[in-house]
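Welcome! Here are some short exercises to work through with the model in view. Try each task before you read its solution.

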Amino acid sequence: MRIYEPMDTLAALDRFLADPGIAASVTARRVIPARPADLVPIPGWLHPSLHTALRTRGLSGLYRHQAEAMDALRQGEDVAIVTPTASGKSLCYDLPVLQSVLDDPSSRALYLFPTKALSQDQLAGLRELAGSAGMELSAAVYDGDTPAPIRSVIRSAGQVVVTNPDMLHSAILPHHTKWFQLFEQLRYVVVDEAHTYRGVFGSHVADVLRRLARICAHYGARPRMVVCSATVGNPRQLAETLTGRQVRVIDRNGAPQGERHVVVLRPPISDPRTGARSGAGGLAKRAALSFLRAGRQTIVFGRSRVAVELLLTGLREALREGRGPLGRIRGYRGGYLPLERRAIEAGLRSGQVLGVVSTNALELGIDIGRLDAAVLAGYPGSIAATWQQIGRAGRRRDVSVAVLVAGAGAVDQYVAAHPDYLFESSPEEARLDPDNLHVLLAHLRAATFELPFDPGERFGPDPADDLLAFLAEEGHVRQAEDGRWYWASENFPASEISLRAASPENVVIIDTGGARPRVIGEVDLFSAPTLVHQNAIYLHESRQFHVDRLEWAERKAYVHPVDVEHYTQAQLAVTLKPLETFAEAPLAAGARVHGEVMVSTLATIYKKLRLETHENLGWGRIHLPETELHTTAHWLAVDPAALMGWTRAELDAALVGAGRALQTVGSVLLMSDPRDLGMVAQIRSPHAERPVIYLYETVPGGVGLAPRLFERHAELVGGARELVGACPCDSGCPACTGPRDERGGDSKRSAERLLGLLEREPAERSPAQAA
């Protein structure tokens, strides 16, 4: 039998699903019908040369959302364009920007993309469009790779500056006097892939944009804001929180789509004793091989750099044995050289590269042409990201296939067991909180360095005077006789802020394996005890490093490169103390609360786990001081009277099992990384003197997850109860109540009973009781 045989995409899918072992793992197969284009005429006010450029591309009209966005911008409105991947969002802002340059060559635009690769890709598309219009456009990328001589040219003559939030924060805004030509004539600011700006990163970016607005106002400019995002549940709130402006939301997608087949697979149980299931890698590899051997262009998404390398190696080995298209399979992730990534992108567009295994680096809007199949090795963490990755196949009008293989984690298992959640639910909300005190103070320092503050001037929703007075006590700023607040420190505040972390302090990672020590990265202070403790295996750009020592007082970790078959996983002892209650509501069997807490964590031991099988190879102790985190939490307190007849063992199993289910469902509801929510279960809280389950944010000060959990209590507890009740396991497993521990017991039934108590609202009082 030939195992390398060209066939169409659906035939390859049917061949894959014909295997009885595969068919038994299918939890859903849906067909999403094709959708025709919704075209409208090209507006008459567009410059004739741009008409020519569109005709050169074979375009006789615009998609409806493109025309609506352009008309709104022409009327002076700020817009948020919310449509799926590959729907032509770039033209929504490229055409107005080029029109502005044709009307006034001195006008400027600033494009912000979250990654360097996307910046280069979008710049190439803009230059191609300008070239088709016969324009000589001065446009360039300004990032860490830009040579110094070119930087001065971009500052003085760049009509379109393409950069990322990190460079805007650290290299442009603090040096705005060198960029006065840009800020004086700035007409448009484009914030693309806005759905990625959530959590800590999004909170930082929103404050960077506040600083940008101050500087634009200083130079007399008020640029129009163009926010582009994949589909999220709160597009208006996301765009308005990011920009501080009211926006017009444009979400009627006019782009065509071919028929799409989506299959969800749940790997089989690998250990009946514990209920653990196999990881996503095995089935994902088999799915990808089916399409690659059929000659269908395929993308495989891995959850991490290590997963990408393991999948890539496995696919190449299998194709070598079957004499398949071995040389046409490539990897794509951070750590590859830019020229290498550009070559892979070009190979995908031309068809020379048949298959690519990628991290979410290719989830964003980089142009990689038309693909036939997408295989997702693990749930990407949100509905929005899942459809972004699925949308990488079938970018034109042909039939495409997407296969989602659930990983072994609880969130993955929830989605696999409840596929309607993926197909029928609205996308999750993207949450951020630019008023988080840690984040806000950091950017207030940077904003004062850039321009002095007038008395009563706002930075965010309120006047900044009280916060500036606090900074003055620390010696960072001073209030002069004119009442204005000026920067008074020798420090450069922007250099002390990492947009990717909330902690003001980071641990620097130093590689001592070469001829000279070199800094290869940093981790935030709260993550350091679990990621770079002594003897940890730290992964950086898919390379493994052994941590020789962690100098806690100096905030430095010293590492050297190694090549080993295991990774390390640290365990934390967590204690939690409530500090303040913000909101409270009664339940039939207790209360639900939102408030501020202090979380103390102590890294205790680490395990050595084999890379592919996660087999435990040994352990060691961690000797580091306790760390404290002030953050916000949502907690559920149980009335002891409702637990009459429960044994301590039953209650212990119920609290931990219910807590893990709530943590899983909370992550799914809020579109947050599972690591953004921590869980502590106390059988008798020393503060409430009754059983309590805490869900706390793992970010200093929180970013708004806890209040949303408080507001969505019914969905949270109902979803957790459904998750546990619908799980096919007998007495609890990693997919519902978490890994079983040595205590044994039926955590499933105990957790389901407890969640049933916590789900009920208080009964309404009768008229007699009210009297």
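This is a predicted model, and we begin inside one of its sheets.

**Exercise 1. Find how strand 5 and strand 7 pair, and over how many bridges.**

Step 1. Locate strand 5 at residues 108-112 and strand 7 at residues 160-163.
Step 2. Follow their directions: the two strands pair in the parallel sense, over four bridges.
Step 3. Pick one position to check by eye: Leu-112 stands opposite Thr-163 in strand 7.

**Exercise 2. Place this pair in its sheet: what is the strand order, and which strands are at the edges?**

Step 1. Seven strands make up an open sheet with parallel pairing, and their order is 6-7-5-8-9-4-10.
Step 2. Strand 6 (139-141) and strand 10 (248-250) are the edge strands, as each pairs on one side only.
Step 3. Going from one strand to the next, the twist averages 15°.

**Exercise 3. Describe how helix 4 packs on this sheet: which strands does helix 4 touch, and what angle does its direction make with that of strand 4?**

Step 1. Find helix 4 at residues 64-74.
Step 2. Its contacts are with strand 4 (79-82), strand 8, strand 9 (224-229) and strand 10.
Step 3. Compare directions: helix 4 and strand 4 make an angle of about 170°.

**Exercise 4. Decide how many disulfides the structure holds, and look at Cys-216 and Cys-727.**

Step 1. Recall that a disulfide is a covalent bond between the sulfur atoms of two cysteines. The cut-off to apply is a pair of cysteine sulfur atoms within 2.5 Å.
Step 2. The structure holds zero disulfides.
Step 3. For Cys-216, the nearest cysteine sulfur belongs to Cys-228 and is 18 Å away, and Cys-216 is in no disulfide.
Step 4. Cys-727 is in no disulfide either, with the sulfur of Cys-733 as the nearest one, 3.5 Å away.
Step 5. Are these two cysteines buried or exposed? Cys-216 counts as buried because its relative accessibility is 2%. Cys-727, at 9%, also counts as buried.

**Exercise 5. Look at the backbone of Glu-193 and Glu-689: what is the phi of each, and where does each residue lie?**

Step 1. Keep in mind that most residues other than glycine have a negative phi.
Step 2. Glu-193 has a positive phi, near 55°. Its place is the loop between strand 8 (186-191) and helix 10 (199-218).
Step 3. Glu-193 is buried, since its relative accessible area is 7%.
Step 4. Glu-689, also not a glycine, has a positive phi of about 55°. Look for Glu-689 in the loop between strand 30 (677-682) and strand 31 (692-697).

Technical notes:
Residues numbered from 1 in each chain as written. Predicted model: local features only at pLDDT ≥ 70, side-chain atom pairs only at ≥ 80, totals over all residues. Heavy atoms only, no water. Buried < 20%, exposed > 50% of the residue type's maximum accessible area, 1.4 Å probe, protein only. Pairing = 2+ DSSP bridges. Axes fitted to C-alpha atoms, helices over the stretch in contact; angles between N-to-C directions. Contact = heavy atoms within 4.5 Å.
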